[in-house]
Amino acid sequence: MTAMLNVKDLRAYYGQVQALHGLSFALNEGSLTTLLGANGAGKTTTLRAICNMVRSTGSIEFEGAQLGNRSTENIVRLGIAHVPQGRGTFTTMTVEENLQLGAIPRRDSKGVVSDIERMYDHFPVLKQRHTQQAGTLSGGEQQMLAVARALMLRPRLMLLDEPSFGLAPLIVRDLFGILGKINRNDKVTILVVEQNAQLALELADTAYVIETGRIVMSGKANDIANNEDVRKSYLGY
Amino acid sequence: MELFTNQVLAGIATGAIYACMALAVVMIYQAIDHLNFAQGEMAMFSTFISWQLMQWGIPYWWAFLLTLAFSFAGGILIERLLFKPLAKAPILTNVAGFIALFAIINSVAGLTWDFTIKQYPTPFGSSPFLGSQLISTHQAGMIGVTVVLLILLYLFFQFTRVGLAMRAAASLPESARLVGINTSWMIALGWGMAAAIGSIAGMLIAPVVFLEPNMMGGVLIYGFAAAVLGGLTSPLGAVIGGFLVGVFENLAGTYIPGVGNELKLPIALALIITVLVVKPAGLFGRAIVKRV
């Protein structure tokens, strides 16, 4: 089985500072993978490098296409939806406009309309607030909106950067439940970066642990969750 | 009372022009966070193009439309050639770029069409509007064209895909790229539209101020005043600011002793400074509702 996303020897730089030191990993189609690690380990940078939002070298291949020379917007147009840290909500626009923006690359306006309805079914709270300025939503609602906006692309691959950040534990459970459903029902491959390792390992099937810009551990999420040494030394629970 | 009504209506008519200039300035400010000091010169140059086309025998409205297209393309070209390379440059580099653009356009216009004052036609005529002595048909035309333009722009930004994408690119460029919007082209499009809007202002005001390379100097200052008054982050504010400045300018010139025609311009500058000191975001500057 060939991987959907194949990352080889990825190195990324912020000015003179090197943030990733030769990362290699692969995502299988339909998988739900989590990238774990402490603050500053390079998780966000990895996601940003995939979308060419940070200077990097190495090879990133998505369904046979090299991403290295493409602009961020062209990478997104290949079907890679990225929910950034801080959610990237268009706060001055309405909830519905945010959803429409998620589908901007699509040409099938009928499909977009029906997908917006589908999102309202997934996330009823968004329907209640569809004419409201997105900036007035609570943190949890904004995270729902960010996930829904990403799904509006009908992505093949979805990248999520710390979706649990700043949310109450109950809401995080909700959200992760929805992510699992999207992965299973809509056949969207998901890569989720998390600090909340325990929850992420429950959700994911595969896990990578990253420390100071290097992958130090990889395997089935179950195995990593059950390995006490790994948990203590890298995941801190 | 008739004098008052007359001055208010005349103010609304010139205010329409200030509103267009302010809108053009705000569009570019939203896209690249800089004030386009050359906006007036771009409008002046467009107006000369339309004049030249009419000299060649092309009827007014065809010349008008061709000038819009020329200005739109010219705006995009200026952005691609001059300001795209400066996108990451420090603010003063950009300011220097705008001043250079100002000087170049002004000189090229002077070189091509010389600096003598030219008559510019109005398609509306200048008889009293509907037999009333309060406002001329040209003034009514200025207001009418501006209102139509504003409605079209509103529809474009509110109800089209590209309009939505442009708004997104202006408000949050990084997020916009992450939903697949080519923000760089959105900026170029903003320049093109701003240039076209400015050219409308130029062509409408030319019969009033006469056509010459420095015709837009004063107009642009009022446009800046309007944009600052309404709030540089608010297109609607810029438009309302334009009308307010137009009316204010006329009333001040009429009723404040000693202002007259000569001191109208300092009034605009005083207005800019007052707004910046008292309410820097302007009347309609973005008040983001945010829950943390």
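Here are some questions and answers about a predicted two-chain model.

Q: How many residues of chain B are in contact with chain A?
A: Let's begin where the chains meet. On the chain A side, helix 2 (72-77) and helix 3 (95-102) are the elements that give two or more residues. That side has eight nonpolar, eleven polar and four charged residues. Counting both partners, 23 residues of chain A are in contact with chain B residues numbering 19.

Q: In the open sheet of four strands in chain A, which are the edge strands?
A: The strand order here is 2-1-4-5, and the pairing is antiparallel. An edge strand pairs on one side only, and that picks out strand 2 (17-27) and strand 5 (65-66) of chain A.

Q: Which residue of strand 4 of chain A is the bridge partner of Asn6(A)?
A: Strand 1 (residues 5-14) and strand 4 (residues 55-62) of chain A pair in the antiparallel sense, with seven bridges along the way. For Asn6(A), the partner in strand 4 of chain A is Glu61(A).

Q: What angle does helix 1 of chain A make with strand 2 of chain A?
A: Helix 1 (residues 43-50) packs on the sheet of chain A and touches strand 1, strand 2 and strand 4. Compare its direction with that of strand 2 of chain A, and you get about 70°.

Q: Is Gln18(A) buried, exposed or partly exposed?
A: Gln18(A) sits in strand 2 of chain A. Leaving out residues up to four places away in sequence, Gln18(A) touches Arg11(A) and Tyr13(A). Its C-alpha atom is 9.9 Å from that of Thr212(A), although their positions lie 194 residues apart along the chain. Gln18(A) has 14 C-beta neighbours inside 10 Å, so it counts as partly exposed.

Q: In the open sheet of six strands in chain A, what is the average twist from one strand to the next?
A: This sheet has mixed pairing and the order 6-7-8-3-9-10. Strand 6 (80-83) and strand 10 of chain A are its edges, each pairing on one side only. Going from one strand to the next, the twist averages 15°.

Q: How many residues of strand 9 of chain A are buried?
A: Strand 9 has partners on two counts: strand 3 (residues 32-36) of chain A pairs with it in the parallel sense over four bridges, and strand 10 (residues 214-220) of chain A runs antiparallel to it, joined by six bridges. Strand 9 (residues 206-211) is largely enclosed by the rest of the structure, because the number of its six residues that are buried is five.

Q: Which residue of strand 10 of chain A stands opposite Val209(A)?
A: Val209(A) is the bridge partner of Leu36(A) in strand 9 of chain A. Strand 9 and strand 10 of chain A form a hairpin with two residues between them, and Thr212(A) in the turn has a positive phi of about 35°. Ile210(A) has Ile215(A) as its partner in strand 10 of chain A, while Val209(A) faces Met217(A).

Q: Glu162(A) and Lys187(A) both have positive phi; which of them is exposed?
A: Most residues other than glycine have a negative phi. Glu162(A), with phi near 45°, lies in the loop between strand 7 (157-161) and helix 7 (169-185) of chain A, and its 22 C-beta neighbours inside 10 Å make it buried. Lys187(A), with phi of about 55°, is in the loop between helix 7 and strand 8 (189-194) of chain A. With 10 other C-beta atoms within 10 Å, the exposed one is Lys187(A).

Q: Where does helix 8 of chain B bend?
A: The end C-alpha atoms of helix 8 (residues 183-209) of chain B are 37 Å apart, which agrees with the 39 Å its 27 residues should span at 1.5 Å a residue. The helix is mostly covered, with 22 of its 27 residues buried. A bend of about 25° shows up all the same, with Pro207(B) following within four residues, and its place is Met203(B).

Q: Is Leu211(B) buried or exposed?
A: Leu211(B) is in the loop between helix 8 and helix 9 (217-230) of chain B. Among the residues it touches are Phe48(B), Trp51(B) and Tyr120(B); the C-alpha atoms of Leu211(B) and Trp51(B) are separated by 8.7 Å. Since 23 other C-beta atoms lie within 10 Å, Leu211(B) is buried.

Definitions and conventions:
Residues are numbered from 1 along each chain as its sequence is written. Chains are lettered from A and ligands numbered from 1 in the order in which they are written. This is a predicted model: local features need pLDDT of at least 70, side-chain atom pairs count only at pLDDT 80 or more; totals for chains, interfaces and linings use all residues. The expected span of a helix is 1.5 Å times one less than its number of residues. The bend at a residue is the angle between axes fitted to the seven residues ending there and the seven starting there. A residue is buried if 20 or more other C-beta atoms lie within 10 Å of its own, exposed if 12 or fewer, and partly exposed in between; C-beta atoms are placed from the backbone. Two residues are in contact if their C-beta atoms, placed from the backbone, lie within 7 Å. Ala, Val, Leu, Ile, Met, Phe, Trp, Tyr, Cys and Pro count as nonpolar, Asp, Glu, Lys and Arg as charged, and the others, Gly among them, as polar. Two strands pair if DSSP finds at least two bridges between them. Axes are lines fitted to C-alpha atoms, for helices over the stretch in contact, and angles run from 0 to 180 degrees between N-to-C directions.
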